[in-house]
Structures are given as structure tokens and as C-alpha cells.
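Subject: Structure handover

Hello,

Here is the structure I said I would pass on. Please look through it alongside the notes below.

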Amino acid sequence: MSNKNKTLLVTGGAGFIGSHLVRLLVNKYPDYRIVNLDKLTYAGNLANLKDIEHKENYSFIKGDIVDAVFLDELFATHQFDGVIHLAAESHVDRSITDPMSFINTNIIGTVNLLNAARKVWGDFTDKLFYHVSTDEVYGSLGETGFFTEETAYDPRSPYSASKASSDHLVRAYHHTYGMPIVISNCSNNYGSFQFPEKLIPLFINNIKHKKALPVYGDGKYTRDWLWVEDHATAIDLIYHQGKVGDTYNIGGNNEWKNIDLIHVLCDLMDELLDRPKGDSRNLITYVKDRAGHDRRYAIDASKLMNELGWEPTIQSTEGLKTTAQWYLANMDWMENITSGDYQKYYQEQYAER
Ligand code: NAD
Ligand code: DAU
């Protein structure tokens with residue numbers, strides 16, 4: 001593919017990972033046109049992109065990927081060379097209380113994008129549809145072992161089932177119609193601009209406000225945490241150098257049991273807020289478990305490392321500290337998104353636990 005004058009559609013670019021990816025692409029490729037399509041749901045926030053919104057190679061379009069007619073018009077107008085598809089409903093707890101919005105956006109929305117691209121992409125020369133997915137499609141691990149690209153799909157929440165379905169559809173368009181695609185499945189991300197429904201920003205915000213820290217079940221669930229900017233770098237690399245039709249796992253080789261990570265975070269927050277050691281740990285409250293909670297995720301990212309030379313750059317304790325410092329320095333960002341509907345969400349989600 002030529003590296004010049006590329007027009008790239010990024011969906012979900014106002015969300016957590018999408019905004020980091022858009023920033024990277026806009027800054028790294030001044031000759032590309034980066035078009036960010038986002039519905040601006042509760043999770044989408046243009047404040048995440050303030051520093052690049054004025055750049056000439058960037059534009060934002062508000063729209064819903066569930067609207068097929070809108071997408072067809074968009075693709076006819078813009079002549080996209082590539083799509084990097086991140087738009088999704090992304091929070092497991094919300095998928096338990098409201099599965100249909102996950103089916104609509106994650107499955108129907110993905111098929112709408114595939115169809116819109118297929119209609120205008122002719123023989124597919126120099127085109128690429130990159131689907132950003134999750135390690136949750138592989139299900140849950142026991143005490144040992146890792147997810148590889150060959151692990152059979154075994155999704156267990158409405159969220160992961162909707163993402164698995166979208167992965168299958170993307171592969172089906174490759175095999176059936178010859179559409180050039182690539183898929184990546186990534187582990188848990190953390191860093192700046194993450195909506196405070198996910199563990200790390202939620203707990204940082206609660207600690208700041210001396211609110212209870214709701215630990216699900218026994219707290220011994222394990223996640224493999226990746227610095228979000230390392231995910232963005234991996235997506236850039238895979239988009240430009242990945243093998244068409246292939247899947248790449250992305251992970252930080254950075255497993256933590258929830259409670260161990262929470263202890264480190266609490267101690268860090270005590271230090272940063274100049275509170276007595278142990279203050280934040282006192283907020284830990286064990287609550288009713290998440291329904292169908294997956295016990296452990298761990299990614300084997302050796303294919304991406306060996307074939308494309310990707311490496312995660314930030315280790316977790318350092319990354320956690322930088323993350324906590326970022327949220328504390330940006331409490332206005334946090335307060336803007338935790339007023340209004342967020343309070344209602346929080347009550348409903350946590351009241352009965
Ligand atoms: P997020 O919830 O922060 O952002 C999702 C974005 O998609 C938001 O900006 C939202 O407004 C937009 N969106 C939602 N529905 C839309 C619709 N119908 N039309 C257009 N835009 C819509 O999510 P995230 O954590 O940044 O995740 C991005 C992608 O990466 C998702 O596909 C997710 O499955 C995947 N992923 C996330 C993680 C993680 O740890 N957060 C890990 C692996 C993979
Ligand atoms: O693995 C990748 C996935 O990681 C992504 O596909 C998802 O979009 C993303 O949300 C994330 O899913 P998780 O469910 O693992 O993330 P979450 O931050 O919701 O939870 C992390 C762990 O912390 C999980 O074991 C549940 C637990 N937890 C979470 C919350 C919000 C708690 O104990 N208490 C909480 O209040």
C-alpha cells in the first residue's frame with residue numbers, strides 16, 4: 001500500500017482506546033486524512049481529542065454505525081482506503097443489564113460497516129478493514145496457560161459473545177467476498193481518558209472522593225493489563241505491516257489478580273494524595289460477584305512480537321502511577337463525565353451489590 005494521501009476511517013475514535021489511536025495517527029501521518037466517526041454515546045467524549053482537533057489532517061463526524069443508510073452515504077462521499085473499527089459497547093457489566101445495545105452496535109454495526117465498505121471498494125486493491133477486538137472472545141482460563149491466536153472461541157458474556165460474533169463476520173467477509181481484513185484481540189487496557197466504569201479509573205475516582213471500592217467476588221480474578229498507548233502502537237503496526245486475513249493477539253504479559261492490583265493502586269493513591277498509609281485500603285468493600293465472571297485472561301502475544309517486532313513499553317507499577325497522576329491532574333475531565341447520568345448508572349449498578 002502507498003503511504004501517501006491515505007484516507008482512513010477510525011470508528012469509535014472519541015472513546016478511550018480510539019482517542020489514543022487517533023492522536024497517534026494524526027501526529028504520525030500528516031499526509032493521511034484521519035476521519036473519526038463516533039456516535040458520542042456516554043463513552044464518547046470529544047474532550048479526549050482537544051489537543052489534535054485543530055489539525056488539518058483530522059476531521060470528526062458524528063454518526064451511528066447501526067444506521068446503514070448513513071454509512072452507505074458516508075462511504076460513497078469519502079473514498080476511504082482503510083477502516084480501523086473500534087466503535088463498540090465495551091463494558092461487560094452493562095452488557096449484563098442491557099444486552100440488546102451490544103447486539104445492535106457490536107454485531108449489526110460491524111456488518112453495516114463491512115457492507116458499506118464492500119459496496120464501494122471494487123476489487124479491494126489497496127484496501128484494508130481492521131477490526132479491533134478483545135481477548136474475552138476466548139473465554140476464561142484456569143490457573144495456567146495463555147490465549148493464542150489458535151485458541152477456540154468460547155465467549156461467556158453478552159459483551160464477549162457480541163464481539164466474537166463480529167470477529168466471525170469479519171472473517172466471513174474475507175473468506176466469502178475476498179475482503180482484505182485483519183483482526184487483533186487485546187487484553188485489558190489502562191491509561192488516561194478511560195471512562196470511570198472500568199476498574200482502574202473507577203477506583204481512582206472513588207478513592208479521591210473517599211467512596212467504597214467495590215471488589216467483585218473474592219477479588220482473585222486475573223487480568224493482563226496493557227498500557228493503552230502500547231495498544232495504539234500495536235494497531236498502527238498491524239494496520240501497516242500485518243498479514244491480510246490474519247489475527248494478532250495483543251497483551252502486556254502483565255497479569256495481576258484484581259486485589260493485588262487494587263492494593264498497589266490504593267498505596268499509590270495514599271502517597272499521591274498525601275493521606276496516611278492504609279487510608280485507601282480501608283475503602284475496599286467485597287461485593288456480590290459479576291454474573292458469569294471470567295476467572296482469568298492471559299495473552300500470548302509472541303506472534304506480534306516475533307513477526308512485527310512489537311513490545312509493550314511501560315510496566316504496570318510505573319503505568320499505574322502515571323495513570324493515577326493523570327486522573328488527579330484532570331479532575332475537571334472526570335467531573336464533567338461523572339455528573340448527570342453517571343450518578344444514575346452508578347446507583348443502579350452498585351446499589352444492589
Ligand atoms: P469505549 O467504550 O471507551 O469507546 C467506544 C466508542 O465507540 C465511544 O466513543 C462511543 O461513543 C463509540 N460508539 C459506541 N456505539 C457507537 C455506534 N453505534 N456508532 C458509532 N460510535 C459508537 O471503548 P474502548 O475501551 O475504547 O474500546 C474500543 C474497542 O476496543 C472496542 O471495540 C472494544 O471491544 C475493544 N477492546 C477494548 C479493550 C479495553 O480494555 N478497553 C480491550 C480490548 C479490546
Ligand atoms: O480483556 C479485555 C476487556 O477488558 C475489554 O474487551 C473490555 O472492553 C474491557 O471493559 C475489559 O473488560 P473487564 O471486564 O476485564 O474490565 P473491568 O475494568 O470491567 O473489570 C476488570 C476486573 O475488575 C474484572 O475482573 C471485574 C473487576 N471489577 C470491575 C469493576 C468495574 C471489580 O472487582 N469491581 C468493579 O467495580
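The notes below cover the two ligand sites, the salt bridges, one helix and two backbone angles. Please keep in mind that this is a predicted model.

Ligand 1

The shell around ligand 1 has 28 residues, and Ile17, Asp38, Ser90, Tyr159 and Lys163 are the closest of them. Two contacts to oxygen atoms of the ligand come from the backbone: a polar backbone atom of Phe16 is 3.0 Å from an oxygen of ligand 1, and a backbone N or O atom of Ile17 is 2.8 Å from an oxygen of ligand 1. Asp38 uses its side chain instead, with a polar atom 2.5 Å from a ligand 1 oxygen. On its own ligand 1 exposes 830 Å², and the protein buries 97% of that area.

As for where the shell comes from, helix 1, strand 5, helix 5 and strand 7 (188–190) each give at least two residues. Strand 5 has the largest share, with three residues. By class, the shell of ligand 1 consists of 12 nonpolar, 12 polar and four charged residues.

Ligand 2

Around ligand 2 there are 25 residues, of which Thr134, Asp135, Tyr159, Arg290 and His293 come nearest. Tyr159 is thus listed among the closest residues for ligand 1 and among the nearest for ligand 2.

Three side chains place a polar atom at short range from an oxygen atom of ligand 2: Asp135 at 2.5 Å, Arg290 at 2.6 Å and His293 at 2.7 Å. The protein covers 95% of the 690 Å² of accessible area that ligand 2 has alone. Helix 6 (199–208) and strand 8 (213–216) are the elements that give two or more residues to this shell. The shell of ligand 2 divides into 12 nonpolar, seven polar and six charged residues.

Salt bridges

The count for the model is 20 salt bridges. Three that link distant parts of the chain are set out here.

Arg23 and Asp51 meet through their side chains at 2.8 Å, N to O. Arg23 sits in helix 1 (residues 16–28) and Asp51 in the loop between strand 2 (33–38) and strand 3 (58–62), 28 residues apart. Arg23 is buried, at a relative accessible area of 15%, whereas Asp51 is partly exposed at 41%.

Asp81 and Lys127 form a salt bridge at 3.4 Å, N to O. Asp81 belongs to the loop between helix 2 (68–78) and strand 4 (82–85), and Lys127 to the loop between helix 4 (99–120) and strand 5 (128–134); the two are 46 residues apart. Both Asp81 and Lys127 are buried.

Arg156 and Asp294 pair at 2.6 Å, N to O. They are 138 residues apart: Arg156 is in the loop between strand 5 and helix 5 (158–177), and Asp294 is in the loop between strand 12 (284–287) and helix 9 (302–308). Arg156 is partly exposed, with a relative accessible area of 45%. Asp294 has a relative accessibility of 4% and is therefore classed as buried.

There is also a network in which Asp93, Arg290 and Arg353 are joined by salt bridges that share partners. Arg290 is the residue already noted for its side-chain contact with ligand 2.

Helix 11

Which residues of helix 11 (residues 331–338) are buried? They are Met331, Trp333, Met334, Ile337 and Thr338. These residues lie on the same side of helix 11, because they cover an arc of only 155 degrees around the axis. Asp332 and Asn336 are exposed, on the face turned away from that buried side.

Backbone angles

Most residues other than glycine have a negative phi. Two residues in loops are worth a look on this point. Leu40 is not a glycine, yet has a positive phi of about 55 degrees. Leu40 is in the loop between strand 2 and strand 3 and is partly exposed, with a relative accessible area of 27%. Asp126 likewise has a positive phi, near 60 degrees. Asp126 lies in the loop between helix 4 and strand 5, and at 46% relative accessibility counts as partly exposed.

Regards

How values were computed. Residues are numbered from 1 along each chain as its sequence is written. Chains are lettered from A and ligands numbered from 1 in the order in which they are written. This is a predicted model: local features need pLDDT of at least 70, side-chain atom pairs count only at pLDDT 80 or more; totals for chains, interfaces and linings use all residues. Side-chain values use heavy atoms; hydrogens and water are left out. A salt bridge is a side-chain nitrogen of Lys or Arg within 4 Å of a carboxyl oxygen of Asp or Glu. Helices (H or I, at least four residues) and strands (E, at least two) are DSSP runs, numbered from the N terminus. Buried means under 20% relative accessible area, exposed over 50%, partly exposed in between (1.4 Å probe, protein chains only). A residue is near a molecule or strand if one of its heavy atoms lies within 4 Å of it. A polar contact is a pair of N or O atoms within 3.5 Å; within protein, one must be able to donate a hydrogen and the other to accept it, and residues adjacent in sequence count only if both atoms are side-chain atoms. Accessible areas come from the Shrake-Rupley method with a 1.4 Å probe; for residues, only the protein chains shown count as cover. Ala, Val, Leu, Ile, Met, Phe, Trp, Tyr, Cys and Pro count as nonpolar, Asp, Glu, Lys and Arg as charged, and the others, Gly among them, as polar. The arc is that of the directions from the helix axis to the C-beta atoms.
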